[in-house]
Amino acid sequence: MIMSWESLYSLTNGWALIGWLALAFLPRGPRILSAILYAGVALLCLTYAILLGGLIFGGWDAGGPKAALDFASLSGVMALFATKGGTVVGWTHYLAFDLFVGMWIARDADQKDFSRIVQLPFLFLTLMVGPVGLFAWLVMRERRARALAKAK
């Protein structure tokens, strides 16, 4: 492994944060959204795939007790997350998916003419506690989505 798990954790966090800041504060034209999608989400997905592959096939030291990759049981998942490598891989998974969900929320909100001020709390919730932010957005958008559907 070229870099420590701590360094990879910091790098992926910083990279995701750049994507979130761009999503929250830059104009959402096609170039910015593409940059967030490909340079942000896709790069996090690629990082995840490489890290997971390194743990599964490459013999990388997970930074903790050697555990079989067992996603079928709670104890197996706990054993994976008990290692630095497993935690960084799992965290990168969260970062990629939460940023993707944040992009969907932002695009959906823009299409439904919600202001950025209204969007920011939902984006922040999604950044911090992913599914809670998504759920809150789904509740918020419902009335406007129905009204827009009727108007068409």
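Student: Which residues touch the most other members in the largest nonpolar core?

Tutor: A nonpolar core is a set of buried nonpolar residues joined through side-chain atoms within 4.5 Å. In this predicted model, the largest such core has 19 residues, and those touching the most other members are Leu23, Ile36, Leu44, Leu99, Met103, Leu123 and Trp137.

Student: Which elements give two or more residues to this core?

Tutor: They are H1, helix H2 (30-56), H4 and H5. The largest share, 7 residues, comes from H4.

Student: Where does another core lie, and how many residues does it have?

Tutor: It lies apart from the largest nonpolar core and has 8 residues, including Trp5, Leu51, Ala62 and Val89.

Student: What does Leu44 touch, not counting residues up to four places away in sequence?

Tutor: With those neighbours set aside, Leu44 is in contact with Thr12, Trp15, Ala16, Thr92, Leu95, Ala96 and Leu99.

Student: How should one read the largest pocket, and which residues line it?

Tutor: Rolling a probe the size of a water molecule over the atoms shows where empty space is left. Here the largest pocket holds about 220 Å³ of space. Its lining consists of Asn13, Ala16, Leu17, Trp91, Tyr94, Leu95, Asp98, Leu127, Met128, Val129, Gly130 and Pro131. Two or more of the lining residues come from each of helix H1 (5-25), helix H4 (84-111) and helix H5 (116-151).

Student: Which element gives the most to that lining, and how do the lining residues divide into nonpolar, polar and charged?

Tutor: H5 gives the most, with 5 residues. By residue class, the lining comprises 9 nonpolar, 2 polar and 1 charged.

Notes: Residues numbered from 1 in each chain as written. Predicted model: local features only at pLDDT ≥ 70, side-chain atom pairs only at ≥ 80, totals over all residues. Heavy atoms only, no water. 1 Å grid on protein atoms, 1.4 Å probe; cavity = no way out; pocket = protein on both sides within 12 Å on 5 of 7 lines; lining within 4 Å. Points joined across faces, edges and corners; volume = space filled by probe spheres on them. Helix = DSSP H or I, 4+ residues; strand = E, 2+ residues; numbered from the N terminus. Nonpolar A, V, L, I, M, F, W, Y, C, P; charged D, E, K, R; others polar. Buried < 20%, exposed > 50% of the residue type's maximum accessible area, 1.4 Å probe, protein only. Contact = heavy atoms within 4.5 Å.
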